[in-house]
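Open the model in your viewer and keep the sequence panel beside it. This tour goes stop by stop, from the whole chain down to single residues.

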Amino acid sequence: HSFPTRRSSDLIGNFAGLPSITLPISFENNLPFGANLTGRAFQESALFKVASVIEDNTGLKNLSVERVK
């Protein structure tokens with residue numbers, strides 16, 4: 001399974017011109033649950049670094065439906 005690329009939580013950042021990324025956190029009732037991070041304008045690289053650090057230090061990088069079931 002893959003995570004949707006567009007969520008309503010991304011829209012605020014998109015309308016304001018701010019970069020945002022949604023990280024998968026877990027599954028609830030076999031549905032993905034995520035956290036949305038929004039960065040400063042034109043600071044996409046900093047946002048990617050923060051997301052990468054979170055993934056690397058929480059084990060989220062390998063999250064899958066099979067692991068959660």
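Start by colouring by pLDDT, the predictor's confidence in each residue, from 0 to 100. The protein averages a pLDDT of 76, and 65% of the residues score at least 70. Confidence peaks in helix α2, at a mean of 90, and is lowest in helix α3 (residues 65-68), at 54. Where pLDDT is low, the predicted coordinates should not be read in detail.

Some ground rules come next. This is a predicted model, in which local features need pLDDT of at least 70 and side-chain atom pairs count only at pLDDT 80 or more, while totals for chains, interfaces and linings use all residues. Residues are numbered from 1 along each chain as its sequence is written, and side-chain values use heavy atoms, leaving out hydrogens and water.

**The whole chain**

Switch to cartoon. You will find three helices and two strands, in the order α-β-β-α-α along the sequence. Helices (H or I, at least four residues) and strands (E, at least two) are DSSP runs, numbered from the N terminus.

Now show the surface. The accessible area is about 5,200 Å², and 56% of it belongs to carbon and sulfur atoms. It comes from the Shrake-Rupley method with a 1.4 Å probe; for residues, only the protein chains shown count as cover. Of the 69 residues, 16% are buried. Buried means under 20% relative accessible area, exposed over 50%, and partly exposed in between (1.4 Å probe, protein chains only).

Contacts are heavy atoms within 4.5 Å. Among those with a separation of 6 or more, 38% join residues 24 or more positions apart.

**The hairpin**

Select residues 20-38. Strand β1 (residues 20-28) pairs with strand β2 (residues 31-38) in the antiparallel sense, over eight bridges. Two strands count as paired if DSSP finds at least two bridges between them. Pick S20: T38 in β2 stands opposite. Then pick L23, whose bridge partner in β2 is A35. Go to the turn. Two residues separate the strands of this hairpin, and N29 there has a positive phi of about 55°.

**The loop to α2**

Select F42, in the loop between β2 and α2. Is F42 buried or exposed? F42 is exposed, at 74% relative accessibility. Check its backbone too: phi is positive, about 65°, although F42 is not a glycine. Most residues other than glycine have a negative phi.

**Helix α2**

Select residues 44-58, which make up helix α2. Its 15 residues reach 21 Å from first C-alpha to last, close to the 21 Å expected at 1.5 Å a residue. The expected span is 1.5 Å times one less than the number of residues. Just after α2 comes G59, with a positive phi near 80°.

Step inside the helix to L47. L47 counts as buried because its relative accessibility is 8%. Which residues does L47 touch, not counting those up to four places away in sequence? They are P19, S20, I21, L37, T38 and G39. Draw a C-alpha distance from L47 to I21: 7.8 Å, across 26 residues of chain.

Finish on A51, also in α2. A51 is buried, at 3% relative accessible area. Leaving aside neighbours within four places in sequence, A51 is in contact with I21, L23 and L37. A last distance to draw runs from A51 to T22: 8.7 Å between C-alpha atoms, with the two 29 residues apart in sequence.
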